[in-house]
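Here is a short tour of one protein model, written for someone who likes to know how each value was obtained. Have a look at the fold before reading on.

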Amino acid sequence: VTAPKMIANDQELPNATLFVTHEEKISVRDLFAGKKAVLFGVPGAFTPGCSRTHLPSYLNDYEKFVAKGVDLIVCVTVNDPFVVAAWRDATGSGDKIKILADPQGEFAKALGLASENPQSVLGPIWCRRFSCIVDNLVVKHLNVEPPGAMACSLAPNLLAAL
């Protein structure tokens with residue numbers, strides 16, 4: 001089995017089903033169609049870098065994104081919907097950032113941004129750290145972190161690209 005090629009600028013997001021809660025699902029197409037959005041992916045809810053730095057950078061700059069015409073900010077993580085709901089509550093992201101679960105990593109895989117390692121403490125599949133600007137389903141600016149890094153995918157760098 002060959003892994004999908006990593007998504008690139010000017011390509012349309014692949015469709016997938018993401019979870020708001022264990023009972024509420026949404027398709028990527030329905031979520032991003034007709035919207036100017038920010039999408040970022042994190043390796044895991046409640047992990048130190050994601051909880052202390054990555055997600056807070058978007059919460060802190062939320063108003064700046066809105067001022068630049070962003071309709072929607074979405075965070076995706078390969079976790080189950082129960083963990084994602086708890087993380088959403090714990091971070092106070094509320095209506096500012098839509099944190100969505102990709103429980104089997106199908107969206108991360110379709111993006112070509114899944115990391116797989118059966119021995120990892122994060123589980124066998126997780127999402128690489130990335131961020132992008134999406135306009136009506138099309139990726140306009142993509143930042144993908146090298147393993148272990150957390151810099152280019154943070155909110156200030158994406159704001160500078162808007």
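What follows goes from the overall build to two residues with unusual backbone angles.

This is a predicted model, where local features need pLDDT of at least 70, side-chain atom pairs count only at pLDDT 80 or more, and totals for chains, interfaces and linings use all residues. Residues are numbered from 1 along each chain as its sequence is written, and side-chain values use heavy atoms, without hydrogens and water.

The protein holds six helices and nine strands (DSSP runs numbered from the N terminus: H or I of at least four residues, E of at least two). Its C-alpha trace spans about 40 × 35 × 35 Å along the principal axes. The radius of gyration is 14 Å, which agrees with the value near 15 Å for a compact globule of 162 residues (taken over C-alpha atoms; the rule is 2.2 Å times the number of residues to the power 0.38).

Of the 162 residues, 49% are buried (under 20% relative accessible area; exposed is over 50%, partly exposed in between, with a 1.4 Å probe and protein chains only). Of the contacts between residues at least 6 apart in sequence, 64% join residues at least 24 apart (contact: heavy atoms within 4.5 Å).

Two residues that are not glycine have positive phi:

| Residue | Phi | Location | Relative accessibility |
|---|---|---|---|
| D10 | about 70 degrees | segment before β1 (17-19) | 59%, exposed |
| L137 | near 80 degrees | loop between β8 (130-135) and β9 (138-144) | 9%, buried |
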